Amino acid sequence: MASAEGVHGFVPALTSFVGRASEVDEVAGLLGQYRLVTVTGPGGVGKTRLASEVARRVAGRFADGVWLVELATVPDPALVIPAVAVALGVRQAPGLSITESLLASLARQQALLVLDNCEHVLAAVAELCGTFLPAADDVRVLATSREPLGMAGEARFRLAPLPVAGPGEQPDAGGPAVALFADRARRADPRFTLDGDSVPLAGRLVARLDGMPLAIELAAARVEALGLRQMLDRLEDRFPLLTNRDRSAAPRHRSLAATVEWSYQLLDETEQRTFRRVAAFPGPFTLDAAVAVAGPGTEPALLHLVDCSLLTPPRTGPDGRGRYVMLETLRAFGRDQLGASGEIQETMAALARQALATAEQAAAQRAISPGELAGGRWLDAEDATMRPALDWAMQHDGATALRLSMTLMPWWIVRGRGAEGYALLSAAAVGAEPDSGEWGSAQYHLGQAAVSVGDLTAGLRHFTAAADCLAEGGPSAEFALALCGRADVLILVLGRSQEGTADARRGLAMAGDLGDPTSQAVALVTMSQAAYFAGDFDAAVQWARQAHRIDPARIPGELARECSLRLTVALIEAGNLAAARDSCSAAIALARTAGDLSAAAFGLLLLARLHSRSADLADAWASLGEALQVAARIQDQRRQRMCLALGGELCAVSGRWAAAVTVWTAYLSIMRDSELVETARNVARRQELLRRAAQALGAQRLADAEGRGAMMTLDTAAEFLLLLAESGWPAAQEAGQPADLSELSPREQELVTLVAQGRTDAQIAQQLFISISTVRSHLDRIRDKTSCRRRADLTRLALQNGLV
C-alpha cells in the first residue's frame with residue numbers, strides 16, 4: 001500500500017523514533033552519493049526501524065517512490081527475485097522470465113528499493129543487485145543485513161548500539177538509551193516516570209543491555225510487572241526475561257534469544273564453534289588471543305564474525321593493539337552455547353594458557369625500564385581477561401594459577417592493587433609443595449605485596465620464609481632479593497639495624513657474585529636505608545648514589561624510581577637540597593608517566609618536605625595535598641601515615657598549633673599499631689615542636705586538640721590534613737567554609753560524626769540500637785539536606801564543623 005509520501009509496503013510505526021537522528025541524516029546522505037548502501041549491525045540494533053525512517057526522509061527524491069522488500073520470511077535464495085517482483089507489483093510478461101520482467105520494469109523507474117534482512121540470502125541479493133543496478137540507472141538500493149553484501153560500489157554503514165554511560169559516568173535522563181527505555185516503559189505503564197532515584201537504575205539497566213534497542217524495548221515491557229530494581233537483579237538470566245508479548249512482532253523479534261539464535265544459525269559449524277569459544281573472553285581480545293582460544297585455523301571464521309556483526313571491528317587499546325569486542329548480550333548467548341556444547345573446560349584451559357603466555361611476555365618487557373610502559377599498558381589492556389582466567393586456574397590448574405599470580409604481582413603493586421594481589425597469590429600458594437622453589441618464590445612475592453600495603457609484620461614473615469626456602473637451592477637473584485626484603489623490614493619495623501644490615505650485606509655480596517643488576521640495586525638501596533636509620537646520612541647518600549648509578553635500562557622501572565627516591569631522602573637529610581630537588585622531580589615525572597601512583601605519592605611527599613626545608617610553605621602545602629589525594633586514591637596507608645608525620649610539622653611551622661597537635665596525636669596513635677621505626681632526628685624535631693605548641697595553646701586548648709586527634713582514624717586524619725592543605729597559606733585562613741548544619745537534627749549530626757569516625761552502617765546501627773535500614777534512611781536524608789553524596793564528603797562536613 002502506497003502512502004501519500006510515496007512510501008510502499010511499510011507498516012505505519014506505532015511507536016516514536018528515539019535517539020537515531022544523526023544516523024538517519026548520515027544514511028540519507030550516503031544514499032545521495034551511492035546507489036547501494038548497506039546498513040549492518042547485530043540483531044536487535046534497530047536496522048529495520050532506521051531504514052524505515054530513512055525511507056520516509058528520502059521518499060521525495062524518488063518519482064516512483066520507496067519500496068520495501070521484506071526478505072526475512074524468504075527461506076530460499078531462489079525466491080528472492082520473485083519476492084522483489086511481488087513487492088513491486090511486477091508480473092511476469094509473456095515470453096520473458098521473471099528476472100527479465102523485473103529488470104524491464106525497474107529500468108523505467110526512479111525508485112529506492114529497501115531490501116530488509118538480507119543476511120540469510122546474501123549471495124542471491126548480491127547477484128540481483130549486480131544484475132539490475134547497471135541496467136536501471138535511476139534505481140538505488142538500501143539494504144539491511146547483519147553482514148555486508150560484499151559488492152563493488154557498496155557503501156557500508158555499521159549501526160552501533162545506542163550510547164550508554166560508561167563505568168563511573170552518571171547516566172543522563174536525556175541520553176538516547178535511557179530516553180528509549182522511558183518512552184517504551186510509559187507505553188507499558190503510563191504512570192512510569194524517571195526521577196533522581198530511577199535515572200541511575202535505568203542507566204545501569206540499558207548499559208547492561210549494551211544499548212541494544214530490541215533488548216531495551218523488551219525490558220521496558222516488563223517494567224510494570226517487575227520494577228527497575230528487580231529487573232536489574234534478574235538480568236543475569238536475561239534470555240527468559242526478555243520476551244515480547246506483542247503477537248504482531250516478527251518471530252525473530254519476539255525474544256532476545258530468538259534474535260541472537262537467528263544470527264547463530266546462519267553460521268557454519270566452524271564459525272559457531274569459534275563464536276561460542278571467544279564468548280569466554282570477558283572483555284576485548286586480540287586476533288592472536290582469539291585464535292589461541294578458538295583453535296588453529298579459526299582466523300577466517302573470526303573475521304567473518306565481524307562481517308556478521310557478531311563482533312565489533314577492532315579498536316586500538318591503550319597498548320596500541322587492536323582488540324575485538326563482543327556485546328554482552330551476544331556473549332551471554334555464546335556462553336550458554338559453550339556450556340551446552342561440553343567445551344567449556346577445554347576453552348577455559350586455553351584461555352588460562354593464553355593469559356599466562358600474555359602475562360609472561362608483558363612481564364618480560366616490564367623487567368627493564370625501557371619496556372616498562374609498553375609492558376604495563378599491555379597488561380592494562382588485558383586486565384579483564386586475567387582475573388577470570390586466574391579464577392578458573394585456581395579451581396582446575398594450580399600450577400598455572402601460581403605462575404600467573406606471581407607474574408602479575410609486580411604490576412598489581414605498581415597499580416596500587418597489592419592487597420588484591422596478596423589475597424590471590426595467598427590462595428594460589430596453598431597448592432604449592434611446601435619448601436619447593438615455587439613455594440619460596442611465592443613467599444617472596446607475598447612479602448612484596450604485604451609491604452606494599454603497609455603490613456610490614458606479614459612482609460617480614462614471608463621474606464624470612466622465602467630466604468630460608470631459597471637458601472636450599474644455593475645463591476640466586478631471588479634469594480638475594482628475599483634477604484634484602486627481610487633486611488628492609490627488620491630495619492623499618494623492629495629497629496634491628498645490625499641484623500638487617502648483615503642481611504643486606506649478604507644480599508649485596510651474592511648479587512655482586514651473580515652479576516645481577518636488579519638484586520644489586522635493591523641491596524644498595526637497603527644499605528642506604530640502614531645508614532639512614534642509623535643517622536649516618538652521608539653514608540646513606542653514598543650507598544644510594546651507587547644504586548642510582550646502575551643503568552636504569554637494566555633494571556625494572558619501579559626499582560629505578562625507588563633508587564631516585566631513596567637518594568632524595570638521603571640528600572634531604574644530608575642538607576643537599578638542590579641535588580635532592582633534581583632527583584625528586586625526575587622520579588615524580590617517571591612515576592606519573594608509568595602510572596606508578598605509590599611512587600608518585602612518595603615523590604610528592606618528599607617534594608613537600610623539600611619545600612618545607614626551603615621555607616616555601618605555600619608550595620609545601622600544595623605538594624602535600626596532592627600526595628594525600630594520590631595516596632587516598634590507592635588506599636596506600638603507609639604513604640598516608642608519612643603524610644601525617646610531615647603534615648603535623650607543616651601545621652607547626654605555619655603557626656597552626658592546634659591542628660599540629662591534632663594531626664600528630666592521630667599519627668602517634670596510628671603509629672602505635674604499625675610498629676614503624678622513626679629516625680632519632682625526626683622524633684626530636686616533633687617533640688620540640690609539640691613543646692612549643694603546648695606553650696602556645698595552654699592546657700585546655702592542648703587537651704581539646706589532643707582529644708580530637710585521639711578520636712581520628714587514619715582516613716579521618718588524612719581527610720582533616722587535606723582540608724588544611726586545601727585551605728592554603730597563611731595560617732590565619734580557616735580550613736574550608738563550614739557548611740550550615742542548622743537543618744540537621746541532633747540525631748543526624750550524631751550519624752555524621754559516626755560516619756566521620758569510620759563506622760560502617762552496621763556498626764552505627766549496633767551503637768544506636770536501630771536497624772541498618774533506618775541508618776540508611778537517615779543518611780539518605782542527610783545527603784539530600786547537605787549535598788554530601790559520598791562518605792568522604794560527610795567526613796569533611798564533620799571536620800569543618802568540629803564534630804570530630
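Which residue in β8 is the bridge partner of Arg315? To find out in this predicted model, select residues 312–316, which form strand β7, together with residues 322–325, which form strand β8; the two strands run antiparallel and are joined by three bridges. With both strands displayed, look across from Arg315 and you will come to Arg323, its bridge partner in β8. Then move to the connection of this hairpin, where five residues lie between the strands and where Gly320 takes a positive phi near 85°.

Next, turn to the open sheet, which is built from six strands in the order β1-β3-β4-β5-β2-β6 with parallel pairing. Select residues 7–8 for β1 and residues 154–158 for β6, since these are the edge strands, each of which pairs on one side only. Keeping β1 in view, add residues 66–70, which make up strand β3, and you will have a pair held in the parallel sense over two bridges. Within this pair, select His8 and Trp67, because the former stands opposite the latter, which belongs to β3.

Finally, go to the surface and select Glu433, Asp435, Glu438 and Glu472, which gather there in a patch of negative charge. Is Glu472, a member of this patch, buried or exposed? Glu472 has a relative accessible area of 70% and is therefore exposed, the cut-off for that term being over 50%. To place Glu472 along the chain, display helices α23 (456–470) and α24 (477–494), and look in the loop between them.

Notes:
Residues numbered from 1 in each chain as written. Predicted model: local features only at pLDDT ≥ 70, side-chain atom pairs only at ≥ 80, totals over all residues. Heavy atoms only, no water. Pairing = 2+ DSSP bridges. Helix = DSSP H or I, 4+ residues; strand = E, 2+ residues; numbered from the N terminus. Patch = residues over 30% accessible without salt bridge, like charges linked within 9 Å, V, L, I, M, F, W, Y side chains within 5 Å. Areas by Shrake-Rupley, 256 points an atom, 1.4 Å probe, with all protein chains shown as cover. Salt bridge = Lys/Arg side-chain N within 4 Å of Asp/Glu carboxyl O. Lys, Arg positive; Asp, Glu negative; His and termini not counted. Charge placed at Lys NZ, Arg CZ, Asp CG, Glu CD. Buried < 20%, exposed > 50% of the residue type's maximum accessible area, 1.4 Å probe, protein only.
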